[in-house]
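Hi,

Here is the structure I said I would pass on. Have a look at it first, and my notes follow underneath.

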Amino acid sequence: MLHPKTSFCLLLIGFSFSVKAQDSLSLFKTIGNQYDTERNFKNNFYHNPASMSGYSTSSFSEFSVGYHKNREKVYRRQLGNGDKGLSVEAGSFQKLKPNRYVWGSASYQNIKTGSVQWNETLDYERNAPYITADSVGGKLNVERYQFAGGYLQKMNRWTVAGQVSYSAQLGSRSKDPRLESTTSDLRINAGVNYKVFREYEAGIFGEVSKYTQNSSINFQSLLGRPYVYQMSGLGFSNYLFNGEDRPNQVYEEFAFKGGLQISGSQGKDFYLQASVGTANNIKSYKGTGNTFFDLSDLKSETFEFEGAKFFNISEKHRLGAVAGYTASRKTGSEYGYSMNTASLSKLFKRQAYRKEDYTSTLKGFYQYSQDRFSITAVPFFSYEDRKERRIYPNSGQKFVYTYFGINADYKQQITESQIFTLQPYFYKRTVSKSINALSSSGNAAVDGWIRQDFEFQASDISAFGTAVRYDFKVEKLPAFFVSAQFETQKIQKKNNNFAGASIGITF
């Protein structure tokens, strides 16, 4: 499905602006601009909000409603065997004046995830390995809300911009173990660009964020309940806090990120950017009364670099390339407590976990444009080195992956008021190396989960998919669209299938 990137609150406000902006454009050019494949190709460039002045040549808005169903036969147990649900999305990008821009987005999702096991925590990738887990799990219902808004102002050579976004989740299960979890994530992003010479700009940008998750597990059955683990990585857990009847956990994370950017012609010629970030995620356990005990402190450090260059061979042919490198490291520190007295007392804090991930990526871009159709191809290749290990006791695993594939986009004008879009794609993950240095936890069920998870991560994956979209316009009304997407993914000689569809309006 084609997803909007901009706001529901601005959607109605911007209606008059966007209709006026599109009166002079054909529907084909309007759709081509609104879903510009080059914009998606260099999406990281817009992490600096001060570069949003080059996001689009005209204003646009969209509202859509979609439904998807994802069925997986081979999957990571802690993420479930697929999901299905409804989504409502809206977005808008508005050029209020030549020197002033606003944008925003809003969305709502109601998702049902099946067969989640060994994970009673939302945002698994963010909080792992310090999750709460049990062997039963079950279906999980999740509601997601998201709002974002940004503003940009140009003043002579200077451009300043900022964006505020907020997302929240409500997760629950109606059967034992009855999970109730809420999350909130507030992000504030700002950037400043300075025009150094002609069309060359230099900029800085930064982001601060505050994340919180409150999670609890309840049981109503009197016949028994599963054992609850406070996991600490690779199958091991904190035995002192395992097995509670009604465990309550709180995650709090503060994160900071800053970067530099150099660009030519608002990124249409070239850009270079680099950023560094750090985050601290503390997991606390609620004991009797209002007492809390820190269980872990997960520190994340990231470095990202990306450079891109674009060429116009002629009015119809455009080439580009992006090279990027990302390094991330997570270091987990765990707390030890003593029960020699009537109450728990903290004894130590020690580093016991580390996960490192290094990825290099190269992407190409080719676009051929005519008055009534356009063709775009984006081949890509990446190399990833991932390793995860812990001490006390010693255990670890390592994977080396290569990825390659291609994304294509074909837009065709059928009539002045009808546009057809086809987006086929293919990708493959090949495991170049996998090392199993995992130690037994002493629990057969937990060891079975960790072994299955290793086998999943050590498996090759190939996938093929396509998205189709039909836009049409009725006189004196906004343009309508219908779209559908299908993907089949092959892993361990079995197929995981995804299908989705949406309808909406653009104006």
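**What I found**

The protein chain exposes about 24200 Å², and carbon and sulfur atoms supply 58% of that area. Bear in mind that this is a predicted model.

Starting with the whole chain: there are 6 helices and 21 strands in it. Its radius of gyration comes out at 25 Å, close to the 23 Å the globule rule gives for 507 residues, so the chain is as compact as a globular protein of that length. If you box in the C-alpha atoms along the principal axes, you get roughly 75 × 45 × 45 Å. Of the 507 residues, 47% count as buried. Looking at contacts with a separation of 6 or more, 68% come from residues 24 or more positions apart.

On charge, I get 62 positive and 45 negative side chains, with the centres of the two sets 1 Å apart.

Now for the inside. The largest nonpolar core has 18 residues, and those with the most contacts inside it are F41, M52, Y55, F93, W103, L152 and Y271. Strands β3 (100-116) and β13 (292-312) each supply at least two residues of this core. Apart from it lies another core, of 10 residues, including Y124, A128, Y229 and W449.

L152 is worth clicking on. Setting aside neighbours within four places in sequence, L152 is in contact with P49, A50, M52, S53, N99, R100, Y101, W103, T159, V160 and A161. Two of these partners, M52 and W103, are also on the list of residues with the most contacts inside the largest core.

Next, helix α3 (residues 27-34). In this helix 6 of the 8 residues are buried, so α3 is largely enclosed by the rest of the structure. The buried ones are L27, F28, T30, I31, N33 and Q34.

Last one: is G364 buried or exposed? This glycine is found in strand β15 (residues 345-369). Its relative accessible area is 18%, and the cut-off for buried is under 20%, so G364 counts as buried. Not counting residues up to four places away in sequence, G364 touches F41, G320, A321, A377, V378 and P379. F41 should look familiar, as it is among the residues with the most contacts inside the largest nonpolar core. For a sense of distance, the C-alpha atoms of G364 and Q397 are separated by 32 Å, and these two residues are 33 residues apart along the chain.

Cheers

Note on methods
Residues numbered from 1 in each chain as written. Predicted model: local features only at pLDDT ≥ 70, side-chain atom pairs only at ≥ 80, totals over all residues. Heavy atoms only, no water. Helix = DSSP H or I, 4+ residues; strand = E, 2+ residues; numbered from the N terminus. Buried < 20%, exposed > 50% of the residue type's maximum accessible area, 1.4 Å probe, protein only. Contact = heavy atoms within 4.5 Å. Core = buried A, V, L, I, M, F, W, Y, C linked by side-chain atoms within 4.5 Å. Rg over C-alpha atoms; globule rule 2.2 N^0.38 Å. Areas by Shrake-Rupley, 256 points an atom, 1.4 Å probe, with all protein chains shown as cover. Lys, Arg positive; Asp, Glu negative; His and termini not counted. Charge placed at Lys NZ, Arg CZ, Asp CG, Glu CD.
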